[in-house]
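Here's a short tour of one protein structure, written for someone who is just getting started. Take a moment to turn the model around before reading on.

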Amino acid sequence: MTKKKTVWISLALVAGSILVALIFFWTAPEAEMEGASKTTAMLVDVVQAEKGDFSPTVVATGIVQPATDISLSNQVGGEITRIAPQFLPGAYVNKGDLLLQINPADFENTLMLRKSDLALAESNYKVELGRQDVAQKDYELIGDELSVENRDLVLRKPQLEAAKANVAAAEAAVNQASLDLERAGIRAPFDAHILTRNVNLGSQIPPGSDLGRLVGIEEYWVVANVPLSKVNWLDIEENTDGLGAPVKIVHPAAWEPGQFRQGRVSRLVGALDNQTRLARVIIRVEDPLVRLKPDPEKPPLIIGTFVEVQIEARKLEDVTRLERQYIRPGNTVWVMQDGELQIKQVSILFEDQDYAYINEGLEDNAQVVATDLATVVDGSPLRLDED
């Protein structure tokens, strides 16, 4: 009896709770919308478009290379008996400096022998000249008319020509011996920086040995990779009457801030780079090691270094310059005009690392929207912070 009573009491409580909840739901106040929604203009920042004449910059990377680079070799062989103190890796030498001396004894002896042969040939020539006089007098005494061939034989002309040829051959042999003796001394062919030395004192070297590597110090090259579309905008020295396009060379990883070297675009290599498929230009840099005109503010160029080159392109006239980040997809520009968003289609004449140069579609002093907008609709209301 008690168990049934407890069940009925529980059911009554649940039913009462449901009833109370329904009463609150039916009698709750409803919120009502008053007035119409108001459209708010988007807050933006703008930048001023700049029109005029500009010289854009083509930024690329390049490798420093020597303009003059040789493997020093010898034309005569023998034992090295002397090495100049300045013939060391990293040293500098002047044109004509003696770097190596090959033992000259054999060459000196050969020269003496060749001079002796020359003296003998000259003596024989003089003897033959005397015989010529005797032959001429004998021919005049005979008085007979002979053919040209017989007359030459009687007058000993073939013997005279042979004597002359022997003298010429002896003179050539003396010159060759003198040249070999001179070549026993290996000299610097130009003002050079020594990179390697491959021989030592006492080495026996045959002709054509690799003695070391020398590079010229008057000029280096920077071979830079440039997009093919930018090449026609560069003044190349070999194609113009004046100088090539000026170049600023920087190496932020190694040089102090503000340090740079200057160069000129000299030539265009007639083949694309096999890996990057970019055009290659040669930039000429004078006095790369700062030896000819010392300047502590100029860093020296090191062969094999990767550097950044900033090439001044040909001047663009009557164009509008705008930072590239404000060029929107599809070559469009957002412009604020009379408080509204205007989407302008523009024609870009040239682009460098920082700017786009526009020749059509954007008015001078246009207010370009710098803010990235989530919703872009032509004619959308805009406002500035000062508004």
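Let's begin with one pair of strands. Strand E4 (residues 57-66) and strand E13 (residues 219-226) run antiparallel to each other and are joined over six bridges. Along this pairing, glycine 62 sits opposite alanine 224 in E13. As a bit of background, strands of a sheet pair through backbone hydrogen bonds, and they can do that in a parallel or an antiparallel way.

Now zoom out. E4 and E13 belong to a barrel that six strands close, in the order E4-E13-E16-E15-E14-E17, with antiparallel pairing. Going from one strand to the next, the twist averages 40°.

Before going further, keep in mind that this is a predicted model. How confident is the predictor? The mean pLDDT of the protein chain is 86, and 84% of its residues reach 70 or more. Residues 28-38 are another story: their pLDDT is below 50, and beyond near neighbours in sequence this stretch has zero contacts in the model. Where pLDDT is low, the predicted coordinates shouldn't be read in detail.

Next up, the aromatic rings. The count comes to four aromatic pairs. One of them joins tryptophan 233 and phenylalanine 350: their ring centres are 5.4 Å apart and their planes meet at 70°, so this pair is edge-to-face. Tryptophan 233 lies in the loop between helix H5 (228-231) and strand E14 (246-250), while phenylalanine 350 is in strand E21 (residues 347-351), so the pair ties together parts that are 117 residues apart in sequence. Another pair is tyrosine 355 with tyrosine 357, which counts as tilted because the planes are at 55°, with the ring centres 6.4 Å apart.

Which residues do the ring pairs link into a cluster? They are Phe54, Trp233, Phe350, Tyr355 and Tyr357. Here is how four of these residues are placed with respect to the surface:

| Residue | Relative accessible area | Status |
|---|---|---|
| Tryptophan 233 | 22% | partly exposed |
| Phenylalanine 350 | 4% | buried |
| Tyrosine 355 | 26% | partly exposed |
| Tyrosine 357 | 2% | buried |

Phenylalanine 350 has a charged partner as well: the charged end of lysine 230 sits over its ring, 5.4 Å from the centre. There's a similar arrangement at phenylalanine 260, where lysine 248 lies over the face of the ring at 4.8 Å from the ring centre.

Methods:
Residues numbered from 1 in each chain as written. Predicted model: local features only at pLDDT ≥ 70, side-chain atom pairs only at ≥ 80, totals over all residues. Heavy atoms only, no water. Pairing = 2+ DSSP bridges. Helix = DSSP H or I, 4+ residues; strand = E, 2+ residues; numbered from the N terminus. Axes fitted to C-alpha atoms, helices over the stretch in contact; angles between N-to-C directions. pLDDT = per-residue confidence, 0-100. Contact = heavy atoms within 4.5 Å. Phe/Tyr/Trp six-rings, centres within 6.5 Å; stacked < 30°, edge-to-face > 60°. Buried < 20%, exposed > 50% of the residue type's maximum accessible area, 1.4 Å probe, protein only. Lys NZ or Arg CZ within 6 Å of the ring centre and 35° of its normal.
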